[in-house]
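Trainee: I would like to request a close look at a single part of this protein, the open sheet and the core associated with it. Please treat it as one connected account.

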Amino acid sequence: MKAAVLERLEQMTIKEVEAPAVPDDGILMKVHAVGICGSDIRIYHHGNSRVTLPQILGHEAAGQIVAVGKSVNKFQVGDRISLGADVPCGECVFCEAGIGNNCQINYAMGYQYPGSFAEYVLLNKMVVNFGPIHKIADHIPYEEAALAEPLACVLNGLELSDVKIGDTVVVLGAGPIGCPRHPRAAFPAAPGNRPRLRRRGRIHLLQRGRRNQAGVGGNRRFGRRRCHNVQPISGSAG
Ligand SMILES: [Zn+2]
Ligand SMILES: [Zn+2]
């Protein structure tokens with residue numbers, strides 16, 4: 001199959017690789033759409049302690065199941081699914097408490113497991129049992145289903161921040177995560193909803209961020225410098 005393999009930092013090659021064999025407890029998805037996450041770009045430039053190169057990145061994906069292991073009964077060939085990134089182990093103290101987002105093993109598609117920048121992606125036993133696989137309705141295009149993972153991040157943030165109709169909010173960052181987080185997207189019918197993207201304000205934040213080194217920014221050169229600063233102190237998690 002064809003795959004985009006990150007062979008070393010800033011060198012991604014589209015090449016033929018062996019299609020994954022499907023174990024009895026795994027499934028194989030044909031990738032129909034995959035997004036490029038900000039974290040994919042950071043890994044491309046700077047690597048990540050959870051990613052050993054060469055690796056296939058990509059975790060915002062949707063596709064169709066084309067092979068199912070003998071012992072899997074949750075899914076069938078032909079199911080249309082969307083994928084998320086993080087895969088809780090299902091066994092650690094956090095997973096047993098139902099808060100797999102704090103899983104100590106912290107596996108993810110496109111990190112320890114090969115991701116979806118490929119024609120096919122293997123979903124192994126842990127992904128099948130505990131991972132973020134969701135069946136999607138026939139009328140949902142794959143391109144939209146691939147956005148389920150970033151949209152879920154947005155909705156999670158909105159729930160945690162307890163934003164209500166009538167609140168005045170500031171959204172820092174008008175990228176693919178910041179835009180759906182925007183009040184117009186979250187509360188399209190809210191009276192008096194007058195969102196503004198103030199570019200000048202964003203530039204001001206960038207300039208302040210430059211001075212502070214670890215501030216807020218979206219500028220590519222500055223973003224690189226920020227990564228260099230943040231990654232060592234966060235163990236490559238930031
Ligand atoms: Zn992502
Ligand atoms: Zn766990």
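Mentor: The model is predicted, and confidence should be stated at the outset. The mean pLDDT of the protein is 82, with 75% of its residues at 70 or more. Residues 209–219 fall below 50, and this stretch has 20 contacts in the model beyond near neighbours in sequence.

The protein contains eight helices and ten strands. Five of the strands form an open sheet with antiparallel pairing, in the order β9-β3-β5-β6-β10. Its edge strands, β9 (120–123) and β10 (133–135), each pair on one side only. On average, and with direction ignored, neighbouring strands of this sheet are turned by 40 degrees against each other.

Within the sheet, consider β3 (residues 27–35) and β5 (residues 60–68), which pair in the antiparallel sense over eight bridges. One specific point in the register is M29, whose bridge partner in β5 is I65.

The sheet leads directly to the core. The largest nonpolar core has 34 residues, and I27, M29, V31, A61, V121 and L123 touch the most other members. At least two residues of this core come from each of β1 (2–8), β3, β5, β6 (80–83), β9 and α3 (125–130). Strand β3 supplies the largest share, five residues. A general tendency is relevant here: in soluble globular proteins, nonpolar side chains tend to be buried together. For the protein as a whole, 25% of the 238 residues count as buried.

V31 deserves individual attention. Apart from neighbours within four places in sequence, V31 is in contact with A61, G63, S116, A118, E119, Y120 and V121. Two of these partners, A61 and V121, are listed with V31 among the core residues that touch the most other members. On the scale of the whole chain, 64% of the contacts between residues at least 6 apart in sequence join residues at least 24 apart.

Some backbone details in the loops complete the account. Most residues other than glycine have a negative phi, and most peptide bonds are trans. A cis peptide bond, with omega about 0 degrees, joins L53 and P54; P54 lies in the loop between α1 (38–46) and β4 (55–56). N106, which is not a glycine, has a positive phi of about 60 degrees and is placed in the loop between α2 (93–96) and β8 (107–108). N106 counts as partly exposed because it has 18 C-beta neighbours inside 10 Å.

Conventions. Residues are numbered from 1 along each chain as its sequence is written. Chains are lettered from A and ligands numbered from 1 in the order in which they are written. This is a predicted model: local features need pLDDT of at least 70, side-chain atom pairs count only at pLDDT 80 or more; totals for chains, interfaces and linings use all residues. Helices (H or I, at least four residues) and strands (E, at least two) are DSSP runs, numbered from the N terminus. A residue is buried if 20 or more other C-beta atoms lie within 10 Å of its own, exposed if 12 or fewer, and partly exposed in between; C-beta atoms are placed from the backbone. Two residues are in contact if their C-beta atoms, placed from the backbone, lie within 7 Å. Two strands pair if DSSP finds at least two bridges between them. Axes are lines fitted to C-alpha atoms, for helices over the stretch in contact, and angles run from 0 to 180 degrees between N-to-C directions. pLDDT is the predictor's confidence in each residue, from 0 to 100. A nonpolar core is a set of buried Ala, Val, Leu, Ile, Met, Phe, Trp, Tyr and Cys residues joined through C-beta atoms within 7 Å.
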